[in-house]
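Work through these exercises with the model open beside you. Try each task before reading its solution.

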Amino acid sequence: MFTLRKVVLALIVVSLYTACSSSSSDDGSSENKDSYDRGDLLVNLADNMIIPAYQDLNTSLKSLKADKDAFVASPDQAHLDALRTSWLASYKVWQSVEMFNIGKAESLLYGFQMNVYPTSVQEVEANIASGSYDLTHPNNNDAVGFPAVDYLLFGVAADDVAIVNVYNDAKYTKYLSDLIDQMQALTETVLNDWTSSYRDVFVSETGNTATSALNKFTNDYVFYFEKGLRANKIGIPAGNFSSTPLPEKVEGFYSKVYSKILALDALNASQNVFNGKAYATSATGESFKTYLLFLDRQDLVTQLETQFEEAREKLNMLNDDFYTQVTTDNTKMTEAYDALQKIVVLLKVDMLQAFNISVDYVDADGD
Amino acid sequence: MPITLRSYINRKTNAAPLAVFRMLFGFMMCYGMIRFWYHGWIETLYIQPKFHFSYYGFEWVKPLGNYTYLLFVICGLSAFFVALGLKYRMAIIIFFLSFTYIELMDKTTYLNHYYFISLMAFLMIFLPANAQLSVDNLLRKKAYQNIPQWTIDSVKLLLGIVYFYAGLAKLNSDWLFRAMPLKIWLPSKYDLPLIGDTLMHQTWFQYAMSWSGMLYDLAIPFLLLYKRTRGFAFVLVVIFHVFTRVLFPIGMFPFVMIVSALIFFDASFHKKIIRFIKDIFQGFTSKIAIRTEPCYRYTFKKPIVLIIGLFFVFQLAFPFRYLLYPNELFWTEEGYRFSWRVMLMEKMGMSTFKIVNGKTGDFFYVDNADFLTPFQEKQMSFQPDFILEYAHYLGDHFTSQGHKNVQVFVESYVALNGRLSQPYIDKTVDLYQEKESFKPKHWILPFNDDIKGL
């Protein structure tokens, strides 16, 4: 027969076990048996995708800086062309970096200091006129980064001759110089944090908790695809979120011809991360895709591959300049949006369900 | 009235098990309220959201701003009074009303175990749970040796229904033959000590858990009922609930059920607990002479027996109301809640609302984050009644903003138990014109698969 003592004892044992097991840390076991090794996934992300992309961006921004120095020293058409070329090269690399909003990038609000568009001409000009500004201040997020440089190199005056002329004004050269220096410095800060310490933290956090690197990265990736790619690049200019289209909100508004190339690069970069393809080589490793395959979700992988292809086709049908596309035939833009939206559904609903990621925002009991 | 039923209703039993149950229930509920506050959930779930999802017919139940805290204080205090058995009848009525009000404020937070607590509190209003081990005994200088046996049996019956119906709900092809949703949930617990990376991803383990969960739910009321299997059954209860507590974020529910299961034990067991507690307070209570009456007598016995009878008829029938709806229950969720369907589905959705000017055809999409908390958005995205209520809210909002000829459409995708997501709501239906009712919702698109079973 059950005695009171036995019951009390049982309840104490129970509460101890529960207390212990619910305090398990973010760190996963390093000696995984035959189950999927999420540590390998994080290592592949960090070593073959994230860090190489940051390194490439940093190198690219350094040459942007050098070209800028040359232009500032002697503003002429040849130097302007060189500067524009390296700006575009860096902007293209940036498309592989924007989705990695984790670690130092997150705490510095790095993304907001690099690519908020449309840039505010008013604030850029106000900063230039006053000559004193804090580029890191949130109010200046729309006056810095690639979009602000886009304006300064392509939109600050009516034609190239006039643009070159503008840089005889020291205030303009100073602002251009400060912007580019700041972009490079920020990137180096984030990169150094990855290589010096964060990489090891990142790869160790394989747990399924709201704050583990694996879960945060996954949520960030999906969020980037939905917001940074689908909405910012296509949906907002196409007027999906407003009563009328807003063509002046395209990425690369002043340079006119690059919005498509940037969007395609972003799509490729997202797909490469999904597939686990290394940034610099064609090698592939553990990825969301292999994780899904481990979970018997070939159906979802196939579906995603089809949709990535469809989205690429739709983007390819667009004008090089999305501004022109929106103002002449916006239907093609909304079709591209719909194709990207299908990927968002597959990532956000199906993939997150398959991973059963603990989400960071839902803090309440379940059933 | 047949003789057997009459003699059953007149049968007496010792009051100790119900008294101990009352005390433990009260303390747990009081702790539950404190815990809810401590986690900041009053703020995040009831104060911060701009909009609350209401139950059909209970739209008037809303959070009370900062007075919501007061509501939780009242609820927690009444639970404490229940535990003490102090002004028990009044305390349990207040607890039932305040707790139920809290649960009705926003259906985003619906949980079966909150519903269970509301029902149990309602039932307890009619039970003499303060017959022993209560401050009321001291105040009235009167205690009761025995109470009608049906009072304790009704608590057991409610517990039995919860388990048995939860077991019946598991008799479906997803649970038994696809091991869903455990096949999704278990592998994601890979970071548990010892069992995380050895068992959780094993297919056999997922099936074993599904089947044993189903058998457990169906069998446990009977195993607890019979004296010879009771000890074993209680061990099972503890193991099962601890395991679910470790695996899933289900808060206090496992402990509520473990403690509730004690009521199945004989009075001798509960007498020991009462003796133990009385020994502690001996110095305080021995000065008061309490007269122990042999038996508690109901003043309004007939109406109360009738109420309890109707209550259980309703409880037995209500979970089967889904049979009146034509489509797949898991997909449409018509008749899903209040039916002990616990942990049966891994369902996720994404619902994007489109505000259209009916005359010009101009449209734009809504950013749900402008109106809903992430938790509300998550729950809204795959539940049709949420989608409809939110569509009306958006329609009213944009109309009041000066938009003309407002139509509200939704593009919604839902994935159920690891199937690929598929369109959920007919995106050509203007939801602003659809009314909530108990009728089947024609604008839910058909489910592309078949789930067999109850």
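The exercises below cover confidence, salt bridges, surface patches and backbone geometry in a predicted model.

**Exercise 1. Confidence**

Task: Find the mean pLDDT of chain B and the scores given to the complex.

Solution.
- Step 1. Chain B has a mean pLDDT of 94.
- Step 2. In chain B, 99% of the residues reach 70 or more.
- Step 3. For the complex, the predictor gives an ipTM of 0.86. The pTM is 0.89.
- Step 4. Keep one caution in mind: where pLDDT is low, predicted coordinates should not be read in detail.

**Exercise 2. A salt bridge between distant parts**

Task: Locate the partner of A:Lys216 in a salt bridge, and say which helices the pair links.

Solution.
- Step 1. The partner is A:Glu106, and the closest N and O atoms are 2.8 Å apart.
- Step 2. A:Lys216 sits in helix H10 (residues 213–238) of chain A, while A:Glu106 sits in helix H4 (residues 104–107) of chain A.
- Step 3. The two residues are 110 residues apart, so the pair links distant parts of the chain.
- Step 4. Check exposure. A:Lys216 has a relative accessible area of 24%, so it counts as partly exposed. A:Glu106 is partly exposed too, at 31%.

**Exercise 3. Buried or partly exposed?**

Task: Classify each residue of the salt bridge between B:Glu333 and B:Lys347 as buried or partly exposed. Then do the pair A:Asp329 and A:Lys332.

Solution.
- Step 1. Recall the cut-off: buried means under 20% relative accessible area.
- Step 2. B:Glu333 has 11%, so it is buried. B:Lys347 has 5%, so it is buried as well.
- Step 3. In the salt bridge of B:Glu333 and B:Lys347, the closest N and O atoms are 2.8 Å apart. B:Glu333 lies in the loop between helix H17 (329–332) and strand S4 (347–357) of chain B, and B:Lys347 lies in strand S4, so the pair ties together parts 14 residues apart in sequence.
- Step 4. Turn to chain A. The side chains of A:Asp329 and A:Lys332 meet at 3.3 Å, N to O.
- Step 5. A:Asp329 is partly exposed at 28%. A:Lys332 is partly exposed, also with 28%.

**Exercise 4. Counting and networks**

Task: State how many salt bridges there are over all chains, and name the residues of a network in chain B.

Solution.
- Step 1. The count over all chains is 34 salt bridges.
- Step 2. The network links B:Lys107, B:Arg337, B:Asp385 and B:Glu389.

**Exercise 5. Two surface patches**

Task: Describe the nonpolar patch and the patch of positive charge on chain B.

Solution.
- Step 1. Start with the nonpolar patch. Its residues include B:Phe27, B:Trp37, B:Leu64 and B:Tyr67, and the whole patch has about 1,100 Å² of accessible area.
- Step 2. Trace the helices. H2 (16–38), H4 (67–84) and H5 (88–104) of chain B each supply at least two residues of the patch. H4(B) gives the largest share, with seven residues.
- Step 3. Look at one member. B:Phe27 lies in helix H2 of chain B. B:Phe27 is partly exposed, with a relative accessible area of 35%.
- Step 4. Move to the positive patch. B:Arg6, B:Lys12, B:Arg297, B:Lys301 and B:Lys302 gather there on the surface.
- Step 5. Place one of them. B:Lys301 is in helix H16 (residues 301–317) of chain B. B:Lys301 is partly exposed at 32%.

**Exercise 6. Unusual backbone**

Task: Find a cis peptide bond in each chain and two residues with positive phi in chain B.

Solution.
- Step 1. Begin with the background: most residues other than glycine have a negative phi, and most peptide bonds are trans.
- Step 2. In chain A, the cis bond joins A:Tyr117 and A:Pro118, with omega about 0°. A:Pro118 is in the loop between helix H5 (110–114) and H6 of chain A.
- Step 3. In chain B, the cis bond joins B:Met180 and B:Pro181, with omega about 5°. B:Pro181 is in the loop between helix H9 (173–177) and helix H10 (182–185) of chain B.
- Step 4. B:Leu133 is not a glycine, yet its phi is about 55°. B:Leu133 is buried at 12%.
- Step 5. B:Asn405 has a positive phi of about 50°. B:Asn405 is partly exposed at 36%.

Notes
Residues numbered from 1 in each chain as written. Chains lettered and ligands numbered in written order. Predicted model: local features only at pLDDT ≥ 70, side-chain atom pairs only at ≥ 80, totals over all residues. Heavy atoms only, no water. Patch = residues over 30% accessible without salt bridge, like charges linked within 9 Å, V, L, I, M, F, W, Y side chains within 5 Å. Areas by Shrake-Rupley, 256 points an atom, 1.4 Å probe, with all protein chains shown as cover. Salt bridge = Lys/Arg side-chain N within 4 Å of Asp/Glu carboxyl O. Lys, Arg positive; Asp, Glu negative; His and termini not counted. Charge placed at Lys NZ, Arg CZ, Asp CG, Glu CD. Helix = DSSP H or I, 4+ residues; strand = E, 2+ residues; numbered from the N terminus. Buried < 20%, exposed > 50% of the residue type's maximum accessible area, 1.4 Å probe, protein only. pLDDT = per-residue confidence, 0-100.
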